[in-house]
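Q: Please take a close look at one part of this model, the sheets of chain A. Then set that part beside its surroundings, and keep the wording plain.

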Amino acid sequence: MSDTILEIKNINRTYRDEDNMVEALKDINFSIKEGEFVSIIGSSGCGKTTLLRLIAGLDKSQSGEILLHGKKITEPDPQRGYVFQQGSLFEWLTVENNIAAGLRARHIYKENRHKVSEYISLIGLNGFEKAYPHQISGGMAQRVAIARALINDPEILLLDEPMGALDSFTRADIQDKLLEIRKMNHATMILVTHDIDEALYLSDRIVIMTPRPGKISEVVDVNIPHPRHRGGTEFLAERRKLLERFHLAAAQPQPEYNI
Amino acid sequence: MSEAEKTKDDKPIKKKGNLKFILTIIFTISGFAAAITANLLIPQVSEKVKMEVYQFGPIDATMNNAYTWVLDTLIVLYTVIGVFSYFKKERRKKYRSRAPFRFAVGIALALWDFLGTKIQVLPQPFFPGPAGIIEAFLIEGDYIIQNTLYSLRLFSVGFLLGIIVGVGTGILIGWFPKVYYWVSPVLSITGVIPAVAWMPFALTLFPTPFSAAAFLIVICTWFPVASLTASGIKSTPKAKFEAARTLGGKTPYLVFHVAIPHAMPQIFTGIETANAFSFTTLVMAEMMGQPGGLGYYINAAKVWSAYYKVFAAIVVMAVLFSLITWLVGLIKSRVLRWQRGLLK
């Protein structure tokens with residue numbers, strides 16, 4: 001269980017924004033163990049999504065490398081499932097065909113078609129197989145997006161604020177669904193979020209990032225046993241500690257601009 | 001959604017409404033009945049109208065007989081539609097809303113018959129009565145059908161080929177920036193030229209008049225289809241491609257399962273535009289140098305001042321082009337069924 005699955009080494013990523021160079025990520029070093037649930041939190045602009053996109057292979061860094069099982073990541077691969085924030089479903093496909101998209105893209109649909117109904121049951125969307133994305137709610141759509149990524153049996157599931165646009169009830173519902181999935185297939189999951197409660201409820205470790213330049217300020221272990229209770233004393237104590245830390249992290253003196 | 005509609009639809013229809021609806025059916029057909037009565041009862045005043053007798057196997061018929069048969073057919077048709085609509089509230093509503101218009105058509109036919117045939121005050125031979133137009137079908141119905149089929153064949157070949165070429169180039173332009181750079185200016189310059197302007201050139205370049213006209217229809221279909229396909233492909237959100245790539249999709253999947261389905265609504269907008277363009281091109285090309293077709297038929301009839309035949313060809317065009325447009329719409333709503341409920 002404690003084997004390292006993903007290594008992030010000396011990652012630097014800068015963008016050219018008109019005439020200024022923006023350091024989106026600076027000297028990121030981090031590794032993730034197999035089966036771990038890691039959340040990356042931080043205010044907007046701290047580079048957390050950029051980091052996730054680098055892990056997915058959707059973006060390239062100027063220096064450093066990311067290794068999956070010791071192999072360098074260069075392009076997207078179904079081994080690293082990615083759940084986007086919103087609106088990434090294919091509007092022209094039904095729920096079941098959206099979920100089956102990965103199988104079709106990899107030309108393994110015929111021998112694996114039974115998996116589609118399994119994943120529909122898993123996310124609890126029985127009866128909505130033939131519905132189109134605009135006919136279902138936002139929460140349902142995100143569950144479809146999760147199932148679509150999971151059907152490829154990814155080793156790592158990358159979650160890019162998948163619950164960001166949902167109301168808190170739907171959000172809690174999907175959070176529980178993620179834990180259930182994790183218990184079932186022991187997948188490694190990396191979640192980008194700006195919701196401290198969400199990170200605390202789900203993660204084994206929380207990576208706190210700060211912006212300009214985007215870097216890791218702190219890594220916090222969460223040692224609350226599952227199942228966690230959102231209102232439990234342990235949870236609330238950890239939450240307070242985390243808020244304090246986060247507050248400290250944010251109050252650190254900003255580096256001066258010397259460029 | 002459909003459940004709710006169903007229960008609303010299945011509500012028992014009130015008895016009083018039944019009688020009212022039967023009266024609506026009678027009202028609808030009474031217009032055409034009036035037209036028949038007018039034709040039968042009003043004596044032929046103008047002596048300029050010749051009543052030829054045409055033979056259909058054992059039956060002899062004048063143009064007036066044929067005209068009343070058409071009206072009979074319309075009465076039967078609207079009665080059948082009325083009975084069919086009787087049992088569904090939704091259809092009843094539609095039928096009821098159309099009743100005044102259908103009644104008015106019948107009355108207009110009666111009036112036209114009176115002015116155009118009975119007393120013939122409309123300037124002749126430019127404005128024949130309704131029976132006169134039907135006479136064209138009695139005289140040379142076979143020939144009209146033959147020309148209609150010629151038009152249909154020319155249209156189908158040109159339009160389908162144009163769509164194929166248009167979608168093909170549209171995909172290339174939309175997908176490859178290099179192709180966009182080199183081809184899209186050519187497309188936007190040549191696209192604004194009316195296709196028939198190429199007619200002299202096409203006639204010398206192609207071996208047969210048919211292939212020359214087909215070429216013109218291909219051109220006029222190609223432009224809107226290609227440009228709208230290209231813009232549909234280009235406007236595919238990056239997130240869709242990224243999602244497909246993380247799912248294991250390679251370039252062919254991105255093109256055929258992401259970009260093209262996303263562009264489909266715009267492709268159909270292009271096809272519908274091209275549809276209207278190609279009717280114009282078809283008829284003009286036929287008028288300019290074809291051995292057949294409805295455009296050719298109009299030209300030939302005009303030479304003999306047989307305006308009733310011109311009108312007959314126009315009626316055929318109205319029916320034929322409406323059918324084609326309806327068919328395109330049907331295919332569109334089938335292909336884009338995922339948009340149902342999204343738009344409107």
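A: What follows goes through the sheets of chain A, then the chain as a whole, its contact with chain B, and two helix pairs in chain B.

The model is a predicted one. Chain A contains 8 helices and 10 strands.

Start with the sheet that has 6 strands. Its order is β6-β7-β8-β3-β9-β10 in chain A, the sheet is open, and the pairing is mixed. Which strands stand at the edges? They are β6 and β10 (215-221) of chain A; each has a single partner strand, so one side of each is left without a neighbour in the sheet. From one strand to the next, the twist averages 20°.

Within this sheet, β3 (residues 37-41) and β8 (residues 188-193) of chain A run parallel and are joined by 5 bridges. One residue pair can be picked out in the model: Ile40(A) has Val192(A) of β8(A) as its bridge partner. As background, the strands of a sheet pair through backbone hydrogen bonds, and the pairing is either parallel or antiparallel.

Another open sheet in chain A has 4 strands, in the order β2-β1-β4-β5, and here the pairing is antiparallel. Its edge strands are β2 (20-33) and β5 (71-72) of chain A, each of which pairs on one side only. Strand β4 (residues 63-68) of chain A is joined to β5(A) by 2 bridges, and these two strands run antiparallel. In that pairing, Leu67(A) is found opposite Lys72(A) of β5(A).

Now step back to the whole of chain A. Taken along the principal axes, the box filled by its C-alpha atoms is roughly 55 × 45 × 35 Å. Its radius of gyration is 19 Å, close to the 18 Å that the globule rule gives for 259 residues, so chain A is as compact as a globular protein of that length.

Chain A also touches chain B. The contact takes 22 residues from chain A and 16 residues from chain B. On the side of chain A, β6 (80-83) and α2 (95-105) each supply at least two residues. The edge strand β6 of the mixed sheet therefore appears again on the side that touches chain B. By class, the residues on that side of chain A are 11 nonpolar, 7 polar and 4 charged.

Chain B offers two helix pairs to look at. In one, helix α3 (residues 63-86) and helix α4 (residues 89-118) of chain B pack at an angle of about 150°, with their axes 8 Å apart. The two helices are therefore roughly antiparallel to each other, and their crossing is left-handed. Tyr78(B), Ile81(B), Gly82(B), Ser85(B) and Tyr86(B) of α3(B) meet Arg91(B), Arg92(B), Lys94(B), Tyr95(B) and Arg102(B) of α4(B). This contact has 4 nonpolar, 2 polar and 4 charged residues.

In the other pair, the axes of helix α10 (residues 251-289) and helix α11 (residues 294-303) of chain B come within 7 Å and cross at roughly 50°. That angle makes α10(B) oblique to α11(B). The crossing of α10(B) and α11(B) is right-handed. Among the residues that make the contact are Leu282(B) and Met287(B) of α10(B), and Leu294(B) and Ile298(B) of α11(B). By class, the contact of α10(B) with α11(B) has 7 nonpolar, 2 polar and 1 charged residues.

Conventions. Residues are numbered from 1 along each chain as its sequence is written. Chains are lettered from A and ligands numbered from 1 in the order in which they are written. This is a predicted model: local features need pLDDT of at least 70, side-chain atom pairs count only at pLDDT 80 or more; totals for chains, interfaces and linings use all residues. Axes are lines fitted to C-alpha atoms, for helices over the stretch in contact, and angles run from 0 to 180 degrees between N-to-C directions. Angles under 35 degrees count as roughly parallel, over 145 as roughly antiparallel, 65 to 115 as roughly perpendicular and the rest as oblique. A crossing is left-handed if the near helix is turned anticlockwise from the far one by less than a right angle, and right-handed if clockwise. Two residues are in contact if their C-beta atoms, placed from the backbone, lie within 7 Å. Ala, Val, Leu, Ile, Met, Phe, Trp, Tyr, Cys and Pro count as nonpolar, Asp, Glu, Lys and Arg as charged, and the others, Gly among them, as polar. Two strands pair if DSSP finds at least two bridges between them. The radius of gyration is taken over C-alpha atoms; the globule rule is 2.2 Å times the number of residues to the power 0.38.
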